[in-house]
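Reader: I should like a close look at a single part of this model, namely the larger-scale arrangement of its strands and the helices around them. Please treat the pairing, the packing and the contacting residues in one connected account.

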Amino acid sequence: MIPVWEPVLDGNEERYVRDCLETNWISSLGRYITRFEEAFAAWCGMPYGIACSSGTAALHLSLVALGIGPGDEVIVPDFTLIVSANTVILAGAKPVLVDVDPKTWCLDPERIEEKITPRTKAIMPVHMYGHPCDMPAILDIARRHGLAVIEDCAEAHGAEIAGRRVGTFGDAGCFSFYGNKILTTGEGGMVLVRDAALAAKLRLLRDQGFEPPRFVHRVVGFNYRLTNIQAAIGLAQTEKADEKVRQKREIASWYLALFAFGTDVEGPVEANGAKNVYWMFGVKLGPRFPQGRDAVMEELKAKGVETRAFFCPMHRQPVFQDGGDERFPDVRGDYPVSDDLWNRGLYLPSGPGLTRPQVQEIVRKLLECRTRPGLRTED
């Protein structure tokens with residue numbers, strides 16, 4: 001079975017983790033946390049990095065630190081992982097859904113302003129599957145309406161738009177280092193910010209609100225700390241970040257060269273001025289796959305190729321259908337691009353250790369699932 005993703009730990013991970021074990025610095029204190037924060041922030045081009053326990057924690061911390069809470073609304077893409085909506089709800093606010101661009105699959109700037117109300121306090125663009133959002137356009141909207149911007153960069157380490165890396169445009173840039181991310185710590189996350197006071201607030205909230213005198217608390221905080229061991233792995237990963245991004249783009253180039261993109265299979269794009277890091281190589285199936293996306297995935301599994309369906313849109317999530325919580329998003333309305341991606345989209349094996357022969361095998365087996373021209377499915 002060719003897996004969707006396997007992490008590659010081919011740098012100083014073992015040496016740094018052994019150092020943590022030998023010195024007994026295994027919890028949420030230790031020099032690797034600071035080194036990882038500084039190294040990753042510098043790689044992205046930001047002054048402050050605040051490591052935390054997950055990408056979800058990074059988003060939630062950012063919302064709370066920016067003062068977003070009950071009665072507020074946050075613009076999120078309809079096509080995204082449910083974490084986007086969940087973190088807004090956890091902060092006490094309400095997610096407001098916006099459809100995505102049909103080419104980049106990212107939040108569509110042309111659809112944002114029609115969803116802004118007096119309660120809107122922030123926009124949360126998600127850099128989808130490694131392609132950056134149109135951040136210059138989103139920032140222009142945010143500035144005109146006085147809104148905060150929280151970038152979800154979980155899937156897009158090293159992606160660029162307008163010559164800048166993602167995570168450097170908004171008030172906060174949030175990253176995940178889950179096991180299937182371009183840079184991984186197993187579980188982990190980070191918030192990047194430019195403002196020193198905001199960085200201090202994020203650190204305070206991350207650590208249960210601990211400040212002098214200890215055990216006297218002035219804010220409600222969270223246990224969103226990263227361990228020194230995880231940070232040690234993250235530092236080793238960051239040392240090879242440029243190489244990992246290059247590998248991801250090379251794997252995508254193999255896919256792009258092998259697929260005859262058109263009506264059979266629609267692939268990812270790289271918009272003008274953008275650098276796509278192709279976190280997952282996603283495709284949409286055309287009319288010669290009349291058996292449907294799920295059946296194709298089963299066929300590929302039988303052929304030894306693991307795949308994943310695209311994200312289920314927020315307006316289709318069962319948990320939000322009954323409107324049982326005033327913080328839940330309003331799921332009424334049409335989201336045709338998100339629905340099309342959900343119905344036809346899947347991503348193929350995309351791990352950084354993939355070889356060119358494996359990519360050739362994957363493409364061949366996917367195309368074997370097509371019906372022959374002129375044949376009906378019952379033939």
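Author: The account below takes the mixed sheet and its helices, and then turns to the antiparallel sheet.

The model is predicted, so that local features need pLDDT of at least 70 and side-chain atom pairs count only at pLDDT 80 or more, while totals for chains, interfaces and linings use all residues. Residues are numbered from 1 along each chain as its sequence is written, and side-chain values use heavy atoms, with hydrogens and water left out.

The mixed sheet is open and has 7 strands in the order 1-9-8-5-4-2-3. Helices (H or I, at least four residues) and strands (E, at least two) are DSSP runs numbered from the N terminus, and two strands pair if DSSP finds at least two bridges between them. Strand 1 (48-52) and strand 3 (94-98) are the edges; each has a single partner strand, so one side of each lacks a neighbour in the sheet. From one strand to the next the twist averages 25°. At one edge, strand 2 (residues 73-77) pairs with strand 3 in the parallel sense over 5 bridges, and Ile75 stands opposite Val96 of strand 3.

Two helices that pack on this sheet may be described next. Helix 2 touches strand 1, strand 8 (172-176) and strand 9 (189-193), and its direction makes about 55° with that of strand 9. Helix 5 (residues 135-145) touches strand 4 (120-123) and strand 5 (148-152), at about 155° to the direction of strand 5. Contact here means heavy atoms within 4.5 Å; axes are lines fitted to C-alpha atoms, for helices over the stretch in contact, and angles run from 0 to 180 degrees between N-to-C directions.

Helix 2 also meets helix 1: their axes come within 11 Å and cross at roughly 150°. Tyr16, Asp19 and Cys20 of helix 1 are in contact with Arg31, Tyr32 and Arg35 of helix 2. Asp19 forms a salt bridge with Arg31 (a side-chain nitrogen of Lys or Arg within 4 Å of a carboxyl oxygen of Asp or Glu), and the closest N and O atoms are 2.6 Å apart. This pair links distant parts of the chain, with Asp19 in helix 1 (residues 13-23) and Arg31 in helix 2 (residues 31-44), 12 residues apart. The structure holds 31 salt bridges.

Helix 3 (residues 55-65) packs with helix 6 (residues 196-206) at an angle of about 120°, their axes being 10 Å apart. Helix 3 is therefore oblique to helix 6; angles under 35 degrees count as roughly parallel, over 145 as roughly antiparallel, 65 to 115 as roughly perpendicular and the rest as oblique. The contact involves Leu61, Ser62, Val64 and Ala65 of helix 3 with Leu198, Lys201, Leu202, Leu205 and Arg206 of helix 6. With helix 4 (residues 83-90), the axis of helix 3 comes within 9 Å and crosses at roughly 40°. Thr56, Leu59, His60 and Leu63 of helix 3 meet Val83, Thr87, Val88 and Leu90 of helix 4.

The antiparallel sheet is also open, with 4 strands in the order 10-12-14-13. Its edges are strand 10 (265-266) and strand 13 (308-309), each with a single partner strand, so one side of each is left without a neighbour in the sheet. Strand 12 (residues 281-285) and strand 14 (residues 345-348) are joined by 4 bridges, and Gly282 stands opposite Tyr347 of strand 14. Helix 10 (residues 336-344) lies across strand 10, strand 12, strand 13 and strand 14, at about 55° to strand 14.
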